[in-house]
Amino acid sequence: MQKQTFKIVRRRLDDKEIAFLIKEIKQTPNITGFTVSEWDSFDGIFIAEIDNKLAGIIALKNTAGNWVSIEAFYVLSKYRNFGIGNKLFDAALKAAMKKKRNLYVITYNEAVVSIMRKNNLQVFDAFFKLPFFVMLANITHALNCYIVYEFIRKKIAFPADRKLTFGIKFFVE
Ligand SMILES: CC(C)(COP(=O)(O)OP(=O)(O)OC[C@H]1O[C@@H](n2cnc3c(N)ncnc32)[C@H](O)[C@@H]1OP(=O)(O)O)[C@@H](O)C(=O)NCCC(=O)NCCS
């Protein structure tokens, strides 16, 4: 793997970064997208910076029943496969452990599945196997005009057979 120097920082996003990420993610098949208010409402954001500029991000959202989800997980395409995603994921796992929350991930992306397996998450492909509160949080999340619009637009714009994979890791009973 080629070397790329980056640092992981925990901080909020500024308005310019939110606008940038919304634009970037519109061109990405495997994330439906987030509204400005969703970006503002995340409970923990870790950013990979290269030369003090955003190169990647992982965002956490607390949900009911002591769960936390990995919501946005994105590395700029030119910086992928340098290990940034692994480090961001590690920061998210540590934050969940520190907050004493169980963590879940829902993804279409095989690289994320690989990272989840490496970190010993329970990985499966059946929605109904998710814990009740996680199912509920996802149904609620999907009831959003922007999400529905982007979901349909991306189905048309990026036609492909994509399979959802779920990952969970328990830090508390
Ligand atoms: C998913 C993502 C954040 C990973 O970031 P990254 O910086 O490239 O991740 P890393 O370089 O740390 O590691 C990627 C790992 O996935 C593996 N990988 C890459 N493509 C893969 C594929 N198609 N299938 C399986 N594994 C793959 C790499 O070999 C690497 O494995 P390793 O951990 O054993 O080294 C990045 O690819 C991305 O932003 N993708 C587009 C947005 C997206 O779909 N996000 C997921 C939303 S849940």
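This report describes the sheet, helix α4, the ligand shell and the residue Tyr79 in a predicted model.

## The sheet

The model contains an open sheet of 7 strands, arranged in the order β1-β2-β3-β4-β5-β7-β6, with mixed pairing. Strands β1 (7-10) and β6 are at the edges and have a single partner strand each, so one side of each is left without a neighbour in the sheet. On average, neighbouring strands are turned by 20° against each other, with direction ignored.

Strands of a sheet pair through backbone hydrogen bonds, in either a parallel or an antiparallel sense. At the β1 end of the order, β1 and β2 run antiparallel and are joined by 4 bridges. Within this pair, Lys7 has Glu49 of β2 as its bridge partner.

## Strand β3 and its two hairpins

Strand β3 covers residues 53-63 and is mostly covered, with 8 of its 11 residues buried. On one side it pairs with β2 (residues 44-50), which runs antiparallel to β3 and is joined to it by 7 bridges. In this pairing Phe46 stands opposite Ile58 of β3. The two strands form a hairpin with 2 residues between them, and Asp51 in the turn has a positive phi of about 50°.

Strand β3 also pairs with β4, again in the antiparallel sense and over 7 bridges. Here Lys61 stands opposite Ser69 in β4. This pair too forms a hairpin, with 3 residues between the strands; Gly65 in the turn has a positive phi of about 70°.

## Helix α4

Three residues of α4, Val112, Ile115 and Met116, are buried. Viewed down the axis of α4, the buried residues fall within an arc of 100°, so they line one face of the helix. Glu110 and Lys118, on the other side of α4, are exposed.

The buried residues of α4 pack against several elements: the strands β4, β5 (102-107), β6 (122-124) and β7 (165-169), and the helix α3. After α4 comes Asn120, which has a positive phi near 60°.

## The ligand shell

The ligand is surrounded by 21 residues, of which Asn30, Arg80, Gly85, Glu110 and Ala111 are the closest. By class, the shell consists of 9 nonpolar, 9 polar and 3 charged residues.

Three elements each supply at least two residues of this shell: β4 (67-75), α3 (84-99) and α4 (110-118). Of the elements, α4 gives the most, with 6 residues. Glu110 therefore appears twice in this description of α4: it is exposed, and it is among the residues closest to the ligand.

## Tyr79

Tyr79 is located in the loop between β4 and α3. Is Tyr79 buried, exposed or partly exposed? There are 16 other C-beta atoms within 10 Å, and a residue counts as buried at 20 or more and as exposed at 12 or fewer, so Tyr79 is partly exposed.

Leaving out residues up to four places away in sequence, Tyr79 touches Gln4, Ile50, Ala55, Gly56 and Ile84. Among these contacts, Ile50 belongs to β2 (residues 44-50), while Ala55 and Gly56 belong to β3 (residues 53-63). Ala96 is 17 residues from Tyr79 along the chain, and the C-alpha atoms of the two are separated by 25 Å.

Key
Residues are numbered from 1 along each chain as its sequence is written. This is a predicted model: local features need pLDDT of at least 70, side-chain atom pairs count only at pLDDT 80 or more; totals for chains, interfaces and linings use all residues. A residue is near a molecule or strand if its C-beta atom, placed from the backbone, lies within 6 Å of it. Ala, Val, Leu, Ile, Met, Phe, Trp, Tyr, Cys and Pro count as nonpolar, Asp, Glu, Lys and Arg as charged, and the others, Gly among them, as polar. Two residues are in contact if their C-beta atoms, placed from the backbone, lie within 7 Å. The arc is that of the directions from the helix axis to the C-beta atoms. Two strands pair if DSSP finds at least two bridges between them. Axes are lines fitted to C-alpha atoms, for helices over the stretch in contact, and angles run from 0 to 180 degrees between N-to-C directions.
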